Amino acid sequence: MAVPKKRTSRSKKEIRKTIWREKANQAGVKALSLARSILTGRSKSFCYATVSKSSKSSASSASIDESNES
């Protein structure tokens, strides 16, 4: 015969919720820290591809100069 489980106390429920929220908070702090290090260029543990904007800007400025000369 099925017997209902005992009810979890409010304090235990709050402790579990607090632990869950703290884990989420720590993950957010870690993500922001990584984002800051990437934006400042000081990241040593995260590899990402960069697109060189200087080649695109020089090509577009060259085409503008050629159109002005004509």
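Biologist: What makes residues 65–70 a stretch to treat with caution in this predicted model?

Modeller: Over residues 65–70, pLDDT stays under 50, and the model has 0 contacts for them beyond four places in sequence. Where pLDDT is low, the predicted coordinates should not be read in detail.

Biologist: What is pLDDT over residues 57–63?

Modeller: Residues 57–63 also stay under 50, with 0 contacts beyond four places in sequence. For the chain, the mean pLDDT is 77, and 66% of the residues reach 70 or more.

Biologist: Why is Ser 37 called buried?

Modeller: Its relative accessible area is 19%. Buried means under 20%, so Ser 37, at 19%, is classed as buried. Buried residues make up 3% of the 70 residues in the chain.

Biologist: Where does Ser 37 lie?

Modeller: Ser 37 is placed in helix H1, which covers residues 10–40. The chain has 2 helices and 0 strands.

Biologist: How do you know that the side chain of Ser 37 makes a polar contact with the backbone oxygen of Leu 34?

Modeller: The side chain of Ser 37 reaches that oxygen of Leu 34 at 2.8 Å. The cut-off for a polar contact is within 3.5 Å, so the pair at 2.8 Å meets it.

Biologist: Which residues does Ser 37 touch, not counting those up to four places away in sequence?

Modeller: Ser 37 touches Arg 42 and Ser 43.

Biologist: How much area does the chain expose, and what share do carbon and sulfur atoms supply?

Modeller: The chain exposes about 7,100 Å², of which carbon and sulfur atoms supply 58%.

Technical notes:
Residues numbered from 1 in each chain as written. Predicted model: local features only at pLDDT ≥ 70, side-chain atom pairs only at ≥ 80, totals over all residues. Heavy atoms only, no water. Helix = DSSP H or I, 4+ residues; strand = E, 2+ residues; numbered from the N terminus. Buried < 20%, exposed > 50% of the residue type's maximum accessible area, 1.4 Å probe, protein only. Areas by Shrake-Rupley, 256 points an atom, 1.4 Å probe, with all protein chains shown as cover. pLDDT = per-residue confidence, 0-100. Contact = heavy atoms within 4.5 Å. Polar contact = N/O pair within 3.5 Å; in protein donor to acceptor, adjacent residues only side chain to side chain.
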